[in-house]
Amino acid sequence: MPQQTPPTNPIRPTDDEARALAQSLIREARFGALGTLDPDTGAPVVTRVALGPGPQGELLTFVSSLAAHTTALLQDHRAGLLLGEPGTKGDPLTHPRLSLQVEAHAIHRDDPAFPAMRDRWLSDHPKSKLYIDLPDFFFFDLRATSAALNGGFGRAFRLTPADLT
């Protein structure tokens with residue numbers, strides 16, 4: 001039997017360029033694909049959510065308590081979040097994307113941080129003025145616990161929460 005060469009590890013050492021790209025993807029994200037676990041079936045479910053920075057640099061999403069992903073996050077705070085969109089040209093898989101593992105922390109209207117988050121959210125999402133004051137809406141602060149950056153073909157990195165700030 002011929003001897004097989006062990007596979008090469010495709011993950012590169014994390015460098016400043018990778019950190020800067022990941023931070024840029026987070027900072028510029030206004031929507032993303034959020035993966036949660038359905039509390040009734042345990043099956044994974046992915047939905048598109050609006051995203052934006054908070055006043056302290058947090059990564060926020062603004063949700064209705066009626067949404068299935070909200071129910072899922074209230075029962076299991078862990079989620080996956082995919083950021084980055086393909087460009088208009090070329091193979092979509094060559095464009096940068098960041099896959100985050102996050103913990104979702106609810107920020108309700110009675111939280112002292114809510115008013116500043118509301119103001120910041122409105123500055124980036126002016127159309128949310130239509131529903132931002134409805135009583136069933138609140139924020140989740142999505143705190144990264146780990147990340148995988150695909151910076152394009154042959155540019156894969158693992159990042160820590162410290163790499164993302």
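Arginine 78 and aspartate 76 form a salt bridge in this predicted model, and their closest N and O atoms are 2.8 Å apart. Arginine 78 is exposed, with a relative accessible area of 55%. Aspartate 76 is partly exposed, at 22%. Side chains of opposite charge can pair when their charged atoms come close.

**Salt bridges**

The whole structure holds 9 salt bridges. Three of the pairs are set out below, with the accessibility of each partner.

| Pair | Closest N to O | Relative accessible area of the Asp | Relative accessible area of the Arg |
|---|---|---|---|
| Aspartate 76 and arginine 78 | 2.8 Å | 22%, partly exposed | 55%, exposed |
| Aspartate 124 and arginine 120 | 3.1 Å | 26%, partly exposed | 29%, partly exposed |
| Aspartate 141 and arginine 143 | 3.1 Å | 9%, buried | 41%, partly exposed |

Arginine 120 and aspartate 124 belong to helix α3, which covers residues 114-124. They sit 4 residues apart there, about one turn of the helix. Their side chains meet with an N to O distance of 3.1 Å. Arginine 120 is partly exposed, with a relative accessible area of 29%, and aspartate 124 is also partly exposed, at 26%.

The pair of aspartate 141 and arginine 143 joins a buried residue to a partly exposed one: aspartate 141 has a relative accessible area of 9%, so it falls under the 20% limit for buried residues, while arginine 143 is partly exposed at 41%. In addition, Asp16, Arg19 and Asp163 are linked in a network of salt bridges.

Over the protein there are 16 positive and 19 negative charges. The mean positions of these two sets are 6 Å apart.

**Helix α2**

Helix α2 spans residues 68-75. Which of its residues are buried? They are His69, Thr70, Ala72 and Leu73. Viewed down the helix axis, these buried residues fall within an arc of 160°, so they line one face of α2. Ala68 and Gln75, on the other side of the helix, are exposed.

What do the buried residues of α2 pack against? Their partners are strands β1 (31-37), β2 (44-50), β4 (59-64), β5 (78-83), β6 (97-107) and β7 (137-150).

**Serine 128 and proline 10**

Serine 128 is placed in the loop between α3 and β7. Is this residue buried or exposed? Serine 128 is buried, because its relative accessible area of 2% is under the 20% limit. Leaving aside residues up to four places away in sequence, serine 128 touches Trp121 and Leu122. The C-alpha atoms of serine 128 and glycine 152 are separated by 33 Å, and the two residues are 24 apart along the chain.

Proline 10 lies in the segment before α1, the helix of residues 16-28. Its relative accessible area is 59%, which is over the 50% limit, so proline 10 counts as exposed. From proline 10 to leucine 37 the chain runs 27 residues, and their C-alpha atoms are 29 Å apart in space.

**The protein as a whole**

The secondary structure consists of 3 helices and 8 strands. Along the sequence these elements follow the pattern α-β-β-β-β-α-β-β-α-β-β.

The C-alpha atoms fill a box of roughly 65 × 35 × 30 Å, taken along the principal axes. Of the 165 residues, 35% count as buried. The protein exposes about 10,000 Å², and carbon and sulfur atoms supply 57% of that area.

How many of the contacts between residues at least 6 apart in sequence join residues at least 24 apart? The share is 65%.

Definitions and conventions: Residues numbered from 1 in each chain as written. Predicted model: local features only at pLDDT ≥ 70, side-chain atom pairs only at ≥ 80, totals over all residues. Heavy atoms only, no water. Buried < 20%, exposed > 50% of the residue type's maximum accessible area, 1.4 Å probe, protein only. Helix = DSSP H or I, 4+ residues; strand = E, 2+ residues; numbered from the N terminus. Arc of directions from axis to C-beta. Contact = heavy atoms within 4.5 Å. Areas by Shrake-Rupley, 256 points an atom, 1.4 Å probe, with all protein chains shown as cover. Lys, Arg positive; Asp, Glu negative; His and termini not counted. Charge placed at Lys NZ, Arg CZ, Asp CG, Glu CD. Salt bridge = Lys/Arg side-chain N within 4 Å of Asp/Glu carboxyl O.
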